[in-house]
Amino acid sequence: MAHLATRLRRLLARTHPARLVVLAMALAIVLGTILLKLPVASAHGESPSLLTALFTATSGICVTGLLLVDTGSYWSGFGDAVVLALVQIGGFGIMTLASLLALVVAGKLRLRTALSLDTDTSAGSGDIRRLLRRVALITVTVEAVTALLLTARLAIGYHEPLGEALYHGVFHAISAFNNAGLSPYPGNLTHFAHDPWTLLPIALAALLGGLGFPVIIELLRARSTRRTRGFHRWSLHLRLTLATSALLLVAGIALTLAFEWSNAETFGPFSVGGKLLNAFFHSTVARTAGFNTTDIAAMEPETLLGTTLLMFVGGGSAGTAGGIKVTTVAVLGAAVLAEVNGQREAQLFGRRLTPEVVRQALTVTLLSAVLVTVSAIALMATLEARAELVIFETVSAFGTVGLHSGLVGESPASCQLIIIALMFVGRIGPITLVSALALRVRPQRYRLPAERPIIG
């Protein structure tokens, strides 16, 4: 047994870090599918179909929230527990794996050293253990506080029995921080559309999970050292993530209010306060969690397009949100401004961006756009639905958001398999692609003759 463990460690040490991420996620999905395929996982006592179990397991591990069946009525208590465990494992795992890859890319951790035979005494092992402890502590703290607030609200404001309120509070806390967007209530959170005491804790937990572990830990460190006022002393990653996230949040609120204010099927019947609350909540979950308080399919086409763009961007790096990430968009924006202003190099917050970073951001964005476009065309060829709804569902799956208009549950098996692949690639694709590109950077000892093609 010890010999087998040694050989396994050596194999892992020789494996590219990006491949380890893919392997770990795939194994977790297989295990989740097996558990959900058991008859005890279904509320009806019958074994769910393989596609339903696979779809649900993929959605849970990839913290997406898209489902073929209603969580609260289809799955038994055991099934709900499996789904919740998959969400927790998926969120914790992706934060940890993404942070580890960031350390590897930055040269602060040698993965081969950490996975070698002398793991217990290596410096890399200490980094890994410290990282795991920090991610676990942040996860447990945010989820516990959110669960406590939601439990109190459900027990006092909605008179749910304490055990039931605790279950719903914990479920929504885990789902929110891990940006899964799952809810055991029929209709998701439409019942709480007018309740800020329920929506705000969920939105704030989703925001924290979407910012990413590096941002949270740096903010905590800055507070402990009393450097919160020194914005210029924060890292470029922290400043980019916070600034871009705030800009997208405000833009999403303005867009939603502008087009849904008088929509009789969505925000029209709400009070002014209710409209502001739901616009904030929708703008928050559009990039991260995927909860909904109104009928998504009834929204105006302009809102759906704006929401689609927010889902494509996603949240912060090494967090539970999907998408191409806010820092990617910020880097591309800086590159465009530099070109327009005639500058040789892109700059942000007084820092120069290397050409490698700009190329990586461009590569991730273009490849993601191509993947979404091809998938949307494939779905349109099968589904008889409005184009904007198909594109919306496609980007929601790729961005692991989970907002949906009802097309997934009614689609044929071939479309559901496409959505499964999109969720998996959308969850691990940008992370593994960026790490693989960064680790492949090597010096070039020659330069080819330059020639300028006509652009535009």
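This briefing covers selected helices, one buried threonine, the salt bridges and one helix crossing. The structure is a predicted model, and every value below is computed from it. Helices α14 and α8 come first, followed by T241 in α11, the salt bridges, of which there are three, and finally the crossing of α15 and α16, which is right-handed.

**Helix α14 and its surroundings**

- Helix α14 runs over residues 326–340, and its 15 residues reach 21 Å from the first C-alpha to the last, which is close to the 21 Å expected at 1.5 Å a residue.
- The buried residues in α14 are V326, T327, T328, A330, V331, A334 and A338, and the elements that cover them include the helices α11 (236–260), α12 (272–287), α13 (301–313) and α15 (355–380), together with the strand β1 (347–348).
- In an α-helix there are 3.6 residues a turn, so residues three or four places apart point the same way.
- After α14 comes G342, which has a positive phi, near 75°.

**T241 in α11**

- T241 belongs to helix α11, and its relative accessible area of 0% falls under the 20% cut-off, so this threonine counts as buried.
- When neighbours within four places in sequence are left aside, T241 is in contact with L211, V215, G316, V326 and T327; V326 and T327 are themselves among the buried residues of α14.

**Helix α8**

- Helix α8 has 16 residues and spans 22 Å between its first and last C-alpha atoms, close to the 22 Å expected at 1.5 Å a residue.
- Burial in α8 involves A165, H168, G169, F171, H172, A173, I174, S175, A176 and F177.
- N179, just after α8, adopts a positive phi of about 55°.

**Salt bridges**

- R153 forms a salt bridge with D195, with the closest N and O atoms 3.0 Å apart. Because R153 lies in helix α7 (residues 123–157) and D195 in the loop between α8 (162–177) and α9 (196–211), the pair ties together parts that are 42 residues apart in sequence.
- The two partners of this bridge can be described separately: R153 is partly exposed at 27% relative accessibility, whereas D195 is buried, with a relative accessible area of 3%.
- A salt bridge also joins the side chains of R352 and E345, at 3.7 Å from N to O; R352 is exposed, with a relative accessible area of 52%, while E345 counts as partly exposed at 34%.
- E388 and R386 form a salt bridge in which the closest N and O atoms are 2.8 Å apart, and here E388 is partly exposed at 28% relative accessible area, as is R386 at 37%.

**Crossing of α15 and α16**

- The axes of α15 and helix α16 (residues 387–398) come within 9 Å of each other and cross at roughly 130°.
- Angles of 65 to 115 degrees count as roughly perpendicular and those over 145 as roughly antiparallel, so α15 and α16 are oblique to each other, and their crossing is right-handed.
- On the α15 side the contact is made by S368, L371, V372, S375, A376, L379 and M380, and on the α16 side by A387, V390, I391, T394, V395 and F398.
- Helix α15 is also among the elements that cover the buried residues of α14.

Conventions: Residues numbered from 1 in each chain as written. Predicted model: local features only at pLDDT ≥ 70, side-chain atom pairs only at ≥ 80, totals over all residues. Heavy atoms only, no water. Helix = DSSP H or I, 4+ residues; strand = E, 2+ residues; numbered from the N terminus. Expected span 1.5 Å × (residues − 1). Buried < 20%, exposed > 50% of the residue type's maximum accessible area, 1.4 Å probe, protein only. Contact = heavy atoms within 4.5 Å. Salt bridge = Lys/Arg side-chain N within 4 Å of Asp/Glu carboxyl O. Axes fitted to C-alpha atoms, helices over the stretch in contact; angles between N-to-C directions. Parallel < 35°, antiparallel > 145°, perpendicular 65-115°, else oblique. Left-handed = near helix turned anticlockwise from the far one by under 90°.
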